[in-house]
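Could you walk me through this model in my viewer, one selection at a time? I would like to know what to pick next and what I will find there.

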Amino acid sequence: MYTLPLIKTVLADDNRDSLEIIETILKRHQKFRIVATCTDGEELINQVVKCRPDLVITDIKMPKLNGIEVIKKCRKFDSNVNFIFVTGFDDFAVEAFNVAAIDYIVKPFNMDRFFAALEKAIEIIQHKQQLKSKSFRSKLKIKSSGSNYYIPMEDIYFIEKQGKKCIIHGKNKLYETNESIKVLYQKLNDTFYLSHRSYIINLKKILNISASNETYLAHFEGIPDHAHISKLKIKEIETIIQYL
């Protein structure tokens, strides 16, 4: 089973006491790993370049560069870095959210407020980590008729639930497995989409989509079979396909 890595975190605050408080809190949290601490904006940029953290928790008013300037500069070379601002000033909140900060906490803060921000960060960052881990998968492992099969994902057109079994429509073959559609979906990379409660489709394989009564049908080049798309998901699927 894939285990998500600890969230690499850089802390920045020109107030040593504040820095130590946040550092102490995070060291007790099992999902974070502090990779650097800083006391000014320029040092923070250098540590983001060096450590490539998942999360930066920073003050705004600091020597050399303030936190807003830092996030703008960091986003130019690392668009994935996430920020939480912890500051004694509430007049930067709008600007902070304009640069897509995860949260904005005003000092002095209570622990519930700080932990709520951390939980929000965990949810966002772990979702990104899961997508990244899935994108490297190249084969789907299934159990079928007492054997393990390793099917190249690029050869899969769609997966169809039939009763208690699932049928995998491959390039030259159909595979049958007792594994649930939910389990199979968790094994697939991010080119696959749960288009219907009984169908998973490979978005890169879709040739065209047609309407059929209260649902939609996905058609694929090279095979006669089609997959169903729920009318609740059709707009999202059509949007995603444009960017694949």
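Start by selecting T9 and I7: a polar atom of the T9 side chain sits 3.0 Å from the backbone oxygen of I7. Keep in mind as you look around that this is a predicted model. T9 belongs to strand β1, residues 7-12. Is T9 buried or exposed? Its relative accessibility is 0%, so T9 counts as buried. To see what surrounds T9, leave out residues up to four places away in sequence and show its contacts: L26, F32, R33, I34, V35, A36, P53, L55 and I57.

**Next stop: helix α2**

Select residues 41-51, which make up α2. Colour G41, L44, I45, Q47, V48 and C51, the buried residues of this helix. Now turn the view until you look down the axis: these buried residues fall within an arc of 165°, so they line one face of α2. For the general idea, an α-helix has 3.6 residues a turn, so residues three or four places apart point the same way. Over on the other side of α2, pick N46 and K50, which are exposed.

What lies over the buried residues of α2? Show β1, β2 (32-38), β3 (55-58) and α3, which are among the elements covering them. The strand that holds T9 is thus part of this cover.

Then visit both ends of the helix. At the N-terminal end, D40 acts as a cap, with a side-chain oxygen 3.1 Å from the backbone nitrogen of E42. Just after α2, check the backbone of R52, where phi is positive at about 45°.

**On to helix α3**

Select residues 67-77 for α3 and highlight its buried residues, G67, I68, V70, I71 and C74. They cover an arc of only 155° around the axis, which puts them on the same side of α3. Their cover includes α2, along with β4 (82-87) and α4 (93-98). At the start of α3, zoom in on N66: one of its side-chain oxygens comes within 2.9 Å of the backbone nitrogen of I68.

**A cysteine check**

Both helices hold a buried cysteine, C51 in α2 and C74 in α3. Why is C51 not bonded to C38? The sulfur of C38 is the closest cysteine sulfur to that of C51, but at 7.9 Å it is too far for a bond. For C74 the closest cysteine sulfur is also in C38, and the 9.7 Å between them is too far for a bond. The relative accessible area is 15% for C51 and 0% for C74. With a cut-off of 2.5 Å between the sulfur atoms, the count of disulfides comes to zero.

**Last stop: the sheet β13-β14-β15**

Finally, show β13 (206-212) and β15 (226-229), the edge strands, each pairing on one side only. They belong to an open sheet of three strands in the order β13-β14-β15, with antiparallel pairing. On average, neighbouring strands here are turned by 30° against each other, direction ignored. Add β14, residues 215-220, and you can trace six bridges between β13 and β14. Label I206 and you will find F220 of β14 opposite.

To finish, select residues 234-241: this is helix α7, which packs on the sheet and touches β13, β14 and β15. Compare directions, and α7 makes about 160° with β13.

Terms used
Residues numbered from 1 in each chain as written. Predicted model: local features only at pLDDT ≥ 70, side-chain atom pairs only at ≥ 80, totals over all residues. Heavy atoms only, no water. Pairing = 2+ DSSP bridges. Helix = DSSP H or I, 4+ residues; strand = E, 2+ residues; numbered from the N terminus. Axes fitted to C-alpha atoms, helices over the stretch in contact; angles between N-to-C directions. Contact = heavy atoms within 4.5 Å. Buried < 20%, exposed > 50% of the residue type's maximum accessible area, 1.4 Å probe, protein only. Polar contact = N/O pair within 3.5 Å; in protein donor to acceptor, adjacent residues only side chain to side chain. Arc of directions from axis to C-beta.
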